[in-house]
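This report describes the arrangement of the chains, the internal cavities and one selected residue.

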Number of protein chains: 2
Amino acid sequence: VNDARAEWSEDALVAKLRRYSTLIGDDCAVIAAPRGRDLLYSTDFSIESVHFSREMPAQAVGARALARSLSDIAAMGGTPRYCLVSLALAEWTGPQWVNAFYAGLMRVARRYKTELAGGDLSHAAQVVCDVVVCGDVPQGKALRRDGARLGDVLYVSGRLGGWRHRPMPRPRLEAGRKLIGKATACMDISDGLSLDLQRLCTASGVAAEIERVPLLKSASLEEALHAGEDYELLFTAPARRRVAGIAIGRIVAGKAGAVFYRGEPLEPQGYDHFRNRS
Amino acid sequence: VNDARAEWSEDALVAKLRRYSTLIGDDCAVIAAPRGRDLLYSTDFSIESVHFSREMPAQAVGARALARSLSDIAAMGGTPRYCLVSLALAEWTGPQWVNAFYAGLMRVARRYKTELAGGDLSHAAQVVCDVVVCGDVPQGKALRRDGARLGDVLYVSGRLGGWRHRPMPRPRLEAGRKLIGKATACMDISDGLSLDLQRLCTASGVAAEIERVPLLKSASLEEALHAGEDYELLFTAPARRRVAGIAIGRIVAGKAGAVFYRGEPLEPQGYDHFRNRS
C-alpha cells in the first residue's frame, strides 16, 4: 500500500473535486433542463492496458478519457454541457497521479465548456475510468448514422492514422455543429475507419466505396484504414451540397454494410473489445 | 479464453442490447428535454471483489448495479427515466453470465420504468460496471443534504442492517417523491448510517443524536450503524411536520458533522473506498 494514499479518504478527495464544481456533493447532480433542445448522452471507458498504459502521462490519460466522450457529442452535432467521471484507482496510483489525471481532464473540460457534475470513486486491480458526457442539440436535429443514401459523398473531417500520430485529442465539436441540416449521416471514428464505416453503412442499409484516404504525417495507409481513436468525424452528404470536409469516397449500391477500397472488398479490422483481446 | 466468448463480437452484443431499447445504436442517446423539470444525474460503480463476488448470481449483480443508482435518484425525490450501462467483462465471464446480468438489470429497469439508453463495452481483469441514471424532479424541488436545522427530527425510511439481510434492493423512489416540500435534508444510506449521517451533518453544518435504530430481522446493531448499501433514505424534517418514516433521533447543537449515539460520540465506520482496501 502506498503510504501517501493511506492518508486519503474518499470524502477528502470529493472535497477536493468540489473545488472544480458546485454540482458535486449531493446524491445526484441537479441541472435545469434546457428548453427546445434534445439531450445527448454518451459514455466511454478508459481502462488501463486496454485504452492506455501506466507509462502514459496521467494528464494525457485524463484529457483523453474526456475527449473520447466529447467526440461522440461532436458526432451528433451537439454541444457538451456536463460530464460525470467515475474513477476506480489501482494500487500503483498515488495522489500525484490522481491530481495529474484530473488536471488533464479539467483542462479539456474548460476548453470545451463542459462542467464536472459528479462521478463515483472506487478501487480495482487496474485503473478504470468511465466518463459520461451530457450535451444537447436543437430539437430533432441530431446527426445520426442511418441517413446515408445512394450517391452521397463520403467525407472525413481531417487526416487519419490513429491517435499515436496526434499529440492531443481534438474532438470535432465545431465541425459537427456545422453539419447540422447538411450531413445525411455522421459518426466519429473511434474504432478505425474500416469498422466504423461498416457500422454507418449497416445502419443506413447501404454500401460504400473508399477512393482515397488523407493520411496524418507519419501514419501508414494501414493505420489510416484500421487504427482506432482518430477523433475525426465520418459523414455523408448529397453530392451537390457544400460541406467542410475531405471527400474520401461515395455511397454505392451493394449489400448493406459492405465497404470497398478502390474496387476491392475491405475487411473491417478495427478494434473489437471482445475479439481483440490480449 | 472462453470458447463461447471467442464467437462474440462487440457489434453482436450491441445488436442484442438494441432489442431492449430503440435509443441504442448511435454515438449518443437522443432524448427530448422535459419541460419544467430539473435533470438529475447519478453514477455508481459495481466492481467485482469490491461490490460483489463471482459467486453471486449474475442476475443479482445486474439488479443491484442499477438499484444503487436508482437509490440516489430516490434520495433527491426524483423519478428515474434513463440509464447508461458501461460494462467491462473479465476472462471468466461467458455469454450466460452476461445474459443473466442484463436480465437482472432489465427486470429492475422495467419495474422502475427506467429505459436503457446506451453504455459502453470493454474488458478488464475483473468485471467493472458503471451505471448512470438520468432522472428528473419538479424544478427547484430536489431534496438536498444541506438543509437540516437544529431541532429537526431525524428519520430513516425503513429498517437497517445492510444488504446481506435483504433479498433484493428496493430503491425508495416512492418514499423520496413524497418527501418533496416536507424533508429539510435527505440522502440515501449507501456507506452505512454512521458515515452517511456524518456527511449529512457536515453538509448542513449541524450535529445529530441517534436515539434508536430500527433493525432488519437478523441484523445486529453494529451492522445497522455501520454496514453499507441499505437502500433506505436518511432524512430530516421539522418536529411538527408529518412525514412517513421511522424517527431515529434529532438534529442537535454541536460541531458540524458530529454524530452521537445515546449521548456517546459515534465514530463513522462506514465503507470508504480508499481506506477500507483489501
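Helices, as named below, are DSSP runs of H or I with at least four residues, and they are numbered from the N terminus. The model is predicted.

## Overall form of chain A

Chain A contains 7 helices and 12 strands. Along the principal axes, the C-alpha atoms of chain A fill a box of roughly 65 × 45 × 30 Å. The radius of gyration of chain A is 20 Å, which agrees with the value near 19 Å for a compact globule of 278 residues.

Of the 278 residues in chain A, 61% are buried. Among contacts in chain A with a separation of 6 or more, 89% are between residues 24 or more positions apart.

## Relation between the two chains

In general, a rotation about an axis and a shift along it relate two copies of a chain. Here, a turn of 180° with a shift of 0.0 Å along the axis lays chain B on chain A with an RMSD of 0.0 Å. That is the relation of a two-fold axis.

Ala33(B) is the residue of chain B that comes closest to the rotation axis, its C-alpha lying at 3.0 Å. The copies meet through the same surface, because 100% of the interface residues of chain B are also interface residues in chain A.

## Cavities

A search of the whole structure finds 3 cavities of 30 Å³ or more. The largest cavity has a volume of about 60 Å³.

The lining of the largest cavity is formed by Asp44(B), Arg68(B), Ser71(B), Asp72(B), Asp188(B), Ile189(B), Ser190(B), Glu229(B) and Tyr231(B). By class, this lining has 5 charged, 2 polar and 2 nonpolar residues. Helix 3 (residues 58-75) of chain B gives the most to the lining, with 3 residues.

## The surroundings of Val61(A)

Val61(A) is located in helix 3 (residues 58-75) of chain A. Since buried means under 20% relative accessible area, the 3% of Val61(A) makes this residue buried.

When residues up to four places away in sequence are not counted, Val61(A) touches Phe52(A), Met56(A), Trp97(A) and Phe101(A). Asn99(A) is 38 residues from Val61(A) along the chain, and the C-alpha atoms of the two are separated by 12 Å.

Conventions: Residues are numbered from 1 along each chain as its sequence is written. Chains are lettered from A and ligands numbered from 1 in the order in which they are written. This is a predicted model: local features need pLDDT of at least 70, side-chain atom pairs count only at pLDDT 80 or more; totals for chains, interfaces and linings use all residues. Side-chain values use heavy atoms; hydrogens and water are left out. Copies are superposed by least squares on the C-alpha atoms of residues with pLDDT of at least 70 in both. Contact means heavy atoms within 4.5 Å. On a 1 Å grid over the protein atoms alone, a cavity is a set of points where a 1.4 Å probe fits but cannot get out, and a pocket is an open set with protein on both sides within 12 Å along at least five of seven lines; lining residues have an atom within 4 Å of a point. Grid points are joined across faces, edges and corners, and a volume is the space filled by probe spheres set on the points. Helices (H or I, at least four residues) and strands (E, at least two) are DSSP runs, numbered from the N terminus. Ala, Val, Leu, Ile, Met, Phe, Trp, Tyr, Cys and Pro count as nonpolar, Asp, Glu, Lys and Arg as charged, and the others, Gly among them, as polar. The radius of gyration is taken over C-alpha atoms; the globule rule is 2.2 Å times the number of residues to the power 0.38. Buried means under 20% relative accessible area, exposed over 50%, partly exposed in between (1.4 Å probe, protein chains only).
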